[in-house]
Amino acid sequence: MSDRLNESDVFVPPIDRRAFTQKLRELLALDRPVGLLIADIQDFKRINHTFGLDVANQLLICIEKRLFGLSLKGAFVFRLDGNEFAIILPSLLDPSLLVLAANKVCKSFYEQLVVGDRHIQIGVRIGYSSNTLLNCGVEDMLRHAEILLDDAKAAGLSYVDYDESRLLQPHDWQLESELNQAIANNELVLFFQPKISLKRQGKIYLEALARWQHPERGMISPAVFIPLAEQSGAIKPLTKWAIHSALRSLTEWPGYVSIDHADHVDHYSVAVNLSVYALESEGFVDLVTAALNIWGVSPKNLTLEVTEGVFVNEASKAVQSLHELRALGVCISIDDFGTGYSCLSYFKNLPAGELKIDKSFVDHLTEDGDDRYLAQLMIDLGHRFNMSVVAEGIEDQATFTILQHMGCDYAQGFFRGKPMPQDVLLSWLKQHKKERSDDKN
Ligand code: C2E
Ligand code: MG
Ligand code: MG
């Protein structure tokens, strides 16, 4: 079925949560496996602003037509929200098939939608669920699908793999409500981990990693509180805090030279990790510009690390912001490279200057020839695109040496430096400088 649309078509799919709930409830009452997909249209607000309401409405009709045309057996399609569609699969053989269905939906939008004489590319993220989990009703299915949709957004992916244990984890509402307060109370601190040059002795970059010093629970890992921050919206103030704190710390490191003389010294640069939510938020580029001005730091001394999934939709607001930041002179780094299941075509117009090989490829370099081959490919790929390549998670001398021989540019890992608080870092930097001058003499 063609979903090509003429501007005279005006039957905008109505938002109808009630009809959706009723249909899902009916199907669940039959007591057989039912699947639910939620498709979130990325950047729909921007499409609205760029093309106007009429085109956006017609685009919604195209999207609905395309979803109906997918030939997912017996599927029902409902519009749930401004930019969200639900697809109910009434005869699901196995929950693992939901991933295949999610993939099918995403792929169907690789082809542009045509409204009148306009060709519009849209990106879709999918969350999904089934009623096979214990006591799963309409609300639970929606909640599970929204959790996986949030996970996909946070990872910058179109969808994430099915993980039942993820859905059964109790949500820590208490911790979530404490997080905003913790940011305001300065309970978060930054630790710094060095990226050590394998080519130019003494050249060091530092990555800022957030920690939460909770008054009762002790030190809480970012793996716990970053997802909470993403769900609660606290990621925006958290990112602002991280950027300002990292830049302030940078100005305190020995040998740091202010912006007026920054061209003479390029020893230090600080990297801050970014969630896609922060990157998509209104005014993010202005926030970075203001922070650089306040702390008097040259943009070239700041790196922003994002995971590769962010780059997949070239038209997204996140990628646009990255291009603007790159134009300012800030370095963009692709974190955890190799784990994102993304296709490499995004390299063609990539605003990134650094590529970080994920720890999972580095862990077995000494004993696994295939991992060595993959790591070498990633190093060559990065260099082809004028990026400097960092290997993450190096824990021993043998791995460090292999990567040096492979032509990798930077090494990061517990072997040469664990993440450390600012005061420990200052001693570490002093010691490192001393070792360097001893080596020279
Ligand atoms: P990442 O950016 O990929 O950071 C690397 C993680 O690996 C860090 O965990 C680091 O402590 C750990 N690591 C480094 N070297 C080694 C090693 O040799 N062995 C082992 N086993 N681990 C190593 P950490 O600090 O727990 O951070 C986890 C993730 O949380 C980070 O992954 C980053 O994605 C996120 N994160 C941390 N701080 C922030 C932040 O301020 N904002 C955002 N949005 N995310 C953050
Ligand atoms: Mg990182
Ligand atoms: Mg990483």
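**Figure 1. The surroundings of ligand 1 in this predicted model.** Start with the residues packed around ligand 1: there are 21 of them, and R211, N273, D335, E395 and F414 come nearest. By type, the shell divides into eight nonpolar, five polar and eight charged residues. Keep N273 and D335 in mind, since both turn up again as donors of the magnesium ion (ligand 2).

**Figure 2. Polar contacts to ligand 1, and the elements that surround it.** Look at R211 to begin with: one of its polar side-chain atoms sits 2.8 Å from an oxygen atom of ligand 1. Q193 also reaches in with its side chain, placing an N or O atom 3.0 Å from a nitrogen atom of the ligand. S275 uses its backbone instead, with an N or O atom 3.5 Å from a nitrogen atom of ligand 1. Taken on its own, ligand 1 has 800 Å² of accessible area, and the protein covers 79% of that. Three elements give two or more residues to the shell: strand 8 (204–214), helix 8 (222–232) and strand 12 (331–337). Strand 8 supplies the largest share, at four residues.

**Figure 3. The magnesium ion (ligand 2) and its four protein donors.** Around this ion you'll find E207 (OE), N273 (OD1), E305 (OE) and D335 (OD), at 2.1 to 2.3 Å. If you want to pick the donors out of the sequence, their spacing reads E-x65-N-x31-E-x29-D. Two of them, E305 in strand 11 (residues 302–307) and D335 in strand 12, are 30 residues apart, and the pair links distant parts of the chain. What about their exposure: are E305 and D335 buried or exposed? Both E305 and D335 are buried.

**Figure 4. The magnesium ion (ligand 3), next door to the other metal site.** Here the coordinating atoms come from D335 (OD), D336 (OD) and E392, which gives two OE contacts, with distances running from 2.0 to 2.8 Å. Along the chain the donor residues are spaced D-D-x55-E. Why does this site bring together separate parts of the chain? D335 lies in strand 12 while E392 is in the loop between strand 14 (388–391) and helix 15 (397–406), so the pair ties together parts that are 57 residues apart in sequence. D335 and E392 are both buried. Which residue do the two metal sites share? D335 coordinates both the magnesium ion (ligand 2) and the magnesium ion (ligand 3), and the two ions are 4.1 Å apart.

**Figure 5. Two aspartates with positive phi, D31 and D336.** D336, one of the donors of the magnesium ion (ligand 3), is found in strand 12. Its phi is positive, about 50°, although D336 is not a glycine. With a relative accessible area of 25%, D336 counts as partly exposed. Now swing over to D31, in the loop between helix 1 (17–29) and strand 1 (35–41). D31 has a phi near 60°, again a positive value in a residue other than glycine. Is D31 buried or exposed? Its relative accessibility is 70%, so D31 counts as exposed.

**Figure 6. Helix 8 from end to end.** Helix 8 is one of the elements that give two or more residues to the shell around ligand 1. S221 caps its N-terminal end, with a side-chain oxygen 2.9 Å from the backbone nitrogen of A223. Further along, the buried residues of the helix are F225, L228, A229 and E230. Just past the helix comes G233, which takes a positive phi of about 90°.

**Figure 7. Aromatic pairs, with W212 and F225 up close.** A search of the whole structure turns up nine aromatic pairs. In the one shown here, W212 and F225 meet edge-to-face, 6.0 Å centre to centre and with 85° between the planes. The pair links distant parts of the chain, with W212 in strand 8 and F225 in helix 8, 13 residues apart. Both W212 and F225 are buried. Elsewhere, ring pairs link F311, F337, Y346, F347 and F385 into a cluster.

Notes. Residues are numbered from 1 along each chain as its sequence is written. Chains are lettered from A and ligands numbered from 1 in the order in which they are written. This is a predicted model: local features need pLDDT of at least 70, side-chain atom pairs count only at pLDDT 80 or more; totals for chains, interfaces and linings use all residues. Side-chain values use heavy atoms; hydrogens and water are left out. A residue is near a molecule or strand if one of its heavy atoms lies within 4 Å of it. A polar contact is a pair of N or O atoms within 3.5 Å; within protein, one must be able to donate a hydrogen and the other to accept it, and residues adjacent in sequence count only if both atoms are side-chain atoms. Accessible areas come from the Shrake-Rupley method with a 1.4 Å probe; for residues, only the protein chains shown count as cover. Ala, Val, Leu, Ile, Met, Phe, Trp, Tyr, Cys and Pro count as nonpolar, Asp, Glu, Lys and Arg as charged, and the others, Gly among them, as polar. Buried means under 20% relative accessible area, exposed over 50%, partly exposed in between (1.4 Å probe, protein chains only). Donors are N, O and S atoms within 2.8 Å of the metal (3.2 Å for Na, K and Ca); water is not among the atoms, so sites may look incomplete. Rings of Phe, Tyr and Trp (its six-membered ring) pair if their centres lie within 6.5 Å; planes under 30 degrees apart count as stacked, over 60 as edge-to-face and the rest as tilted.
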